[in-house]
Amino acid sequence: LKVLDAGLANFFVALFARGERESLLQTLPLEDPRNPAHHFLVESGFKAVIDEEVRRRTREMIAARQGLLRSGGAVPDAGFKELIGRLAGAPSLAKVVQRSAQERADPDAFRAFVEHFNLLEGV
């Protein structure tokens, strides 16, 4: 039995050897069709809806912590990056990013990051 179904074997050991009286059905994962909740949550589509809602709320909490607006856009730049660049005598971050993009092809994720925070604006 241990080879065929380790979960079932562990249940019987817990039940008969250790005297635990936990329901086997409650120990099965939701993805297991033997779990009665599987039919209600997984096959009906409720689990997918719940998972999507958890992902959406997680994204909103992260955005709120990072100071992003509710509409999904970035907080407008007040010119602070350019001011620091001029004070330091360094080229602007936008020009450095543009030069870097011309020298080599950047990954899609990096391009999405640059576009999201409007780093190439006004270049």
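The following exchange goes through a predicted model, from its overall fold to individual side-chain pairs.

Biologist: How many helices and how many strands does the protein have?

Modeller: Read along the sequence of this predicted model, the elements follow the pattern α-α-α-α-α-α-α. No strand enters that pattern, and the totals for the protein are zero strands and seven helices.

Biologist: What percentage of the residues of the protein count as buried?

Modeller: The accessible surface of the protein comes to about 9800 Å², and carbon and sulfur atoms account for 61% of that area. A residue is called buried when its relative accessible area is under 20%. Of the 123 residues of the protein, the share that counts as buried is 15%.

Biologist: Among contacts between residues at least 6 apart in sequence, what percentage join residues at least 24 apart?

Modeller: One pairing across the sequence is the salt bridge between Arg 34 and Asp 5, whose partners are 29 residues apart. For the protein as a whole, among contacts between residues at least 6 apart in sequence, the fraction joining residues at least 24 apart is 21%.

Biologist: Which parts of the structure does the salt bridge between Arg 34 and Asp 5 tie together?

Modeller: The closest N and O atoms of Arg 34 and Asp 5 are 3.2 Å apart, and Arg 34 counts as partly exposed at 47% relative accessibility. Because Arg 34 and Asp 5 lie in separate parts of the chain, the pair ties together the loop between α2 (24–27) and α3 (36–43) and the segment before α1 (6–17).

Biologist: Is His 38 buried or exposed?

Modeller: His 38 lies in helix α3. Leaving aside neighbours within four places in sequence, His 38 is in contact with Leu 30, Glu 31, Asp 32, Pro 33 and Glu 43. Its relative accessibility is 7%, and since the cut-off is under 20%, His 38 counts as buried.

Biologist: Is the aromatic pair of Phe 11 and Phe 12 stacked, edge-to-face or tilted?

Modeller: The structure holds four aromatic pairs, and in the one formed by Phe 11 and Phe 12 the ring centres are 5.5 Å apart, with 55° between the planes. Planes under 30 degrees apart would count as stacked and those over 60 as edge-to-face, so the pair of Phe 11 and Phe 12 is tilted.

Biologist: Which residues form one aromatic cluster with Phe 11?

Modeller: Phe 11 is buried at 16% relative accessibility, whereas Phe 12 is partly exposed at 32%. The cluster that includes Phe 11 is completed by Phe 12 and Phe 16.

Biologist: What separates Asp 51 and Lys 47 along helix α4?

Modeller: The side chains of Asp 51 and Lys 47 meet in a salt bridge of 3.2 Å, N to O. Asp 51 is partly exposed at 28% relative accessibility, as is Lys 47 at 22%. Because the two residues are four apart in helix α4 (residues 46–65), what separates them is about one helical turn.

Biologist: Which residues are linked with Arg 56 in a network of salt bridges?

Modeller: The structure holds eight salt bridges, among them one between Glu 60 and Arg 56 with closest N and O atoms 2.5 Å apart. Glu 60 and Arg 56 lie four residues apart in helix α4, and they are partly exposed, at 36% for Glu 60 and 31% for Arg 56. The residues linked with Arg 56 in the network are Glu 53, Arg 57 and Glu 60.

Conventions. Residues are numbered from 1 along each chain as its sequence is written. This is a predicted model: local features need pLDDT of at least 70, side-chain atom pairs count only at pLDDT 80 or more; totals for chains, interfaces and linings use all residues. Side-chain values use heavy atoms; hydrogens and water are left out. Rings of Phe, Tyr and Trp (its six-membered ring) pair if their centres lie within 6.5 Å; planes under 30 degrees apart count as stacked, over 60 as edge-to-face and the rest as tilted. Buried means under 20% relative accessible area, exposed over 50%, partly exposed in between (1.4 Å probe, protein chains only). A salt bridge is a side-chain nitrogen of Lys or Arg within 4 Å of a carboxyl oxygen of Asp or Glu. Contact means heavy atoms within 4.5 Å. Accessible areas come from the Shrake-Rupley method with a 1.4 Å probe; for residues, only the protein chains shown count as cover.
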